[in-house]
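Trainee: I've just opened this one and don't know where to begin. Could you walk me through it?

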Amino acid sequence: MTSPDTYAGARIARMEIIPLQMPMKTPVKISHGAARPCIDTLLVRLTTESGLTGVGETQAWRRQGSAETLASLAAVLRDHFQPLVVGRSPFSLASIMARLEQAMWHSLYAQAAVSDALYDLQGKILGVPVHALLGGRCRASVPACVVLFMKPTVEQTVEGAAEFQARGYRSFTVKVGVDARQDVRLVAALRERLGPDAILRVDANAGMDFDGALSLLRKLEPYDIDAAEQLLPLGDVAGMAELARRSPIPLMVDESLASDGDLIDIVCRRAGTAIHTKIGKNGGIWGVRKLMTIAGAAGLRIYPGNHPSTSVATLAAAHVATAWDGPLLDGAFTVGIDALADDVVREPVRIEGNAVEVSDAPGLGVELDEDKLRAYRADL
Ligand SMILES: [Mg+2]
C-alpha cells in the first residue's frame, strides 16, 4: 500500500502550538527596554495523517514592530489558523498563506511558524532539503555576523568582539542609540581593536530622534561604518529618507520593514539602501523570499538576520540564504545560536568559523528534542 504522504496524497492531521521561554547566556540589551534574560519563542508542529512532522518557529519579540505575546500568538494560531491548515495538503502553501493573511491581517509573526512548518513538511515528504524547494543550493555555506549587545563598559564589548574575531568572524553589528558619546567611544575602540578589514555596522533599534541620529552618523564617519541600521522609529519612513539623503553612512532598514508593501514604500522613498530580514518579523521563509526578490530587483543590499532564535528559525534563514543566487551581507541569522543558553533540537546548528552549512537532509534538517520542549515550555 502506498503511503498517504506523497505529493498528491499528504494531508495535515494536527497542528501543535508549543510556546517556549528560552534562557539567554547573558541578558540581552538593546536601545529600548530593560535587558532580557529570556526570549519568548514559539514552535508550530504540523503532523500528517501518517505521522510525518514539519516544524516552524516564530517569536513574541515585544519591541517596535511586534505587539505579540506568546498567548496572543497561540490564540491566533489556534483560533484562526488551525482550521485553515488542518485537512489541507502541505503543498497548498501559497493558498494556505493567502488565507492566513485574509483571516488575520498583518499577522506575519504567527504566519512565519506555519510557513516554515509547511516547507519543512514538504521537504520531509519529498526527501529533499528546503533549499532545494527554493530553487537549489547557490552557495556552500552562509556567513554570519556577530551582534554586540549593550554591555556596561566599552572594554567588555571590545573583548567580546575580539573573541568572535579570533573564531573567524569578519563582520560586527554593535547596538547603539542610548548615549551618543559612549557610542562614538565604543565604535572607535572596536575599529582600533578589530583593525581596518573588519566590517562594522551600528544598530539603534529605532531608538533615536532625527537630530540625534544625524549627529551620531556624522561623528561615526571616520570609522568606516558599512551601514547604520534603523536609527529612527518604525513609522518615520519619511525621516529615514531624509536621513539617508544627509547621512555620510548608508542606512539599513529593519523594524520599519514587515511586509512586501512596506518594502515597496521604502524603495519608492529611498529610505535605506540595505534591508534586514527576519524569519519571525517577515512571515517566515515565504515572506522573506518575497522581500529578497524585491530588494534584489531594487538594488538594495540584503542582510539575512533573525531575532534570537533556536536552531529551527536559524536554519530557516540559512536555507533561504543558501538558495539565494545574489549577493548577501554577513547577516545576524545566527544571533540566537550565539546568545541562547540552550536549544530544542537534538543537533543544534554548528557555526564553523563564521559560517553555517545547511545539510541536504530532508526539510530543515532538524529533529526536536522532546525533553528540551518539556523543560522550556512556557505556561500561558
Ligand atoms: Mg536591527
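Here is a short chat that goes from the domains to the strands and helices.

Trainee: Before we start, which domains is the protein chain divided into?

Mentor: Keep in mind that this is a predicted model. The chain splits into two stretches, 12–128 and 132–365, and these are domain 1 and domain 2.

Trainee: And how many residues of domain 1 are in contact with domain 2?

Mentor: The C-alpha centres of the two domains sit 22 Å apart. Domain 2 brings 40 residues to the contact, and on the domain 1 side the number is 41.

Trainee: Which element gives the largest share of the side of domain 1 that touches domain 2?

Mentor: Strands S1 (12–28), S2 (36–48) and S3 (53–59) each supply at least two residues there, and so do helices H2 (93–103) and H3 (108–126). By class, that side has 19 nonpolar, 15 polar and 7 charged residues. The largest share is 13 residues, and it comes from H3.

Trainee: In what order do the strands of the open sheet with S1 come?

Mentor: Three strands make up this open sheet, and their pairing is antiparallel. S1 and S3 are the edge strands, each pairing on one side only. From one strand to the next, the twist averages 25 degrees. The order is S1-S2-S3.

Trainee: Which residue stands opposite Thr47?

Mentor: Look at S2 and S3, which pair in the antiparallel sense over 7 bridges. Opposite Thr47, in S3, you'll find Thr53.

Trainee: At about what angle does H3 run to S3?

Mentor: H3 is the helix at 108–126. It lies across S2 and S3, and its angle to S3 is about 155 degrees.

Trainee: Now strand S8: is it mostly covered or mostly open?

Mentor: S8 spans residues 225–229. Of its 5 residues, 5 are buried, so by the cut-off of 20 or more other C-beta atoms within 10 Å, S8 is mostly covered.

Trainee: Which helix does the chain pass through from S7 to S8?

Mentor: S7 (residues 199–203) and S8 run parallel, joined by 4 bridges. Val202 stands opposite Ala228 in S8. The β-α-β crossover between these strands is right-handed, and its helix, residues 210–220, is H7.

Trainee: What is the handedness of the β-α-β unit made by S8, H8 and S9?

Mentor: S8 and S9 (residues 251–253) pair in the parallel sense over 2 bridges. Ala228 turns up again here, opposite Leu251 in S9. With helix H8 (residues 237–246), the two strands make a β-α-β unit that is right-handed.

Methods. Residues numbered from 1 in each chain as written. Predicted model: local features only at pLDDT ≥ 70, side-chain atom pairs only at ≥ 80, totals over all residues. Domains from an automatic or database assignment. Contact = placed C-beta atoms within 7 Å. Nonpolar A, V, L, I, M, F, W, Y, C, P; charged D, E, K, R; others polar. Pairing = 2+ DSSP bridges. Axes fitted to C-alpha atoms, helices over the stretch in contact; angles between N-to-C directions. Buried ≥ 20, exposed ≤ 12 C-beta atoms within 10 Å, placed from the backbone. Right-handed = clockwise from strand over helix to strand, strands pointing away.
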